[in-house]
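Here are a few notes to go with the structure you asked me to look over. Have it open as you read, and go through the points one at a time.

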Amino acid sequence: MDLNKYNELLDKAYDKIPDNVKKSSRFEIPKVEIRYEGKNTYISNFQKILTTLDRDRKHFQGILQKAAGTMGEIRGNQLFLKSRYTEQVLDRLIKQYAKEYVLCNICNKPDTTIQKEGKRQFLKCTACGARIEIKEK
Ligand SMILES: [Zn+2]
């Protein structure tokens, strides 16, 4: 069996695992895949990253752009960002987002939802039950 075939089989097996199991047993944010066009950057696997984070697209996009200090927009499945960013910078910003808005501060699992109460936001963890206020920076 060649290695490609083997990886393909692994992917297929992985797809059969129910989503909730997948989520808590293996949380890994995909590394950004980017391409440059002129002075701008496209994150070509934006949709995939968003699916892993399991957050509202506008929320993630808004905070990412703010953290990067730029404007952007969705183009197809990609996120277009004005200005050039390296993979390292974007990976770091996305990781930061996950830390603040996805991963539970107590048990570090991604089984969370964002709850809004007026202007306050809480990260509610369905794994351990913690509920922690999110401080906007
Ligand atoms: Zn938790």
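The points below start with the sheet and then move on to one residue in it.

1. First, keep in mind that this is a predicted model.

2. Look for the open sheet, which has four strands in the order β1-β2-β4-β3, with antiparallel pairing. β1 (34–37) and β3 (72–75) sit at the edges with a single partner strand each, so one side of each has no neighbour in the sheet. From one strand to the next, the twist averages 25 degrees. As background, strands of a sheet pair through backbone hydrogen bonds, and the pairing can be parallel or antiparallel.

3. Now try β2 (residues 40–43) and β4 (residues 78–81): they pair in the antiparallel sense over three bridges. If you want a spot to zoom in on, tyrosine 42 has phenylalanine 80 in β4 as its bridge partner.

4. β3 and β4 also pair in the antiparallel sense, over four bridges. Here glycine 72 stands opposite leucine 81 in β4. These two strands, β3 and β4, make a hairpin with two residues between them. In that turn, check glycine 76, which has a positive phi of about 65 degrees.

5. Finally, what about isoleucine 74: buried, exposed or partly exposed? This residue lies in strand β3. Isoleucine 74 has 14 C-beta neighbours inside 10 Å, and it counts as partly exposed because buried takes 20 or more and exposed means 12 or fewer. Leaving aside residues up to four places away in sequence, isoleucine 74 touches Gln61 and Leu79. Isoleucine 43 is 31 residues away along the chain, and its C-alpha atom is 9.6 Å from that of isoleucine 74.

Notes. Residues are numbered from 1 along each chain as its sequence is written. This is a predicted model: local features need pLDDT of at least 70, side-chain atom pairs count only at pLDDT 80 or more; totals for chains, interfaces and linings use all residues. Two strands pair if DSSP finds at least two bridges between them. Axes are lines fitted to C-alpha atoms, for helices over the stretch in contact, and angles run from 0 to 180 degrees between N-to-C directions. Two residues are in contact if their C-beta atoms, placed from the backbone, lie within 7 Å.
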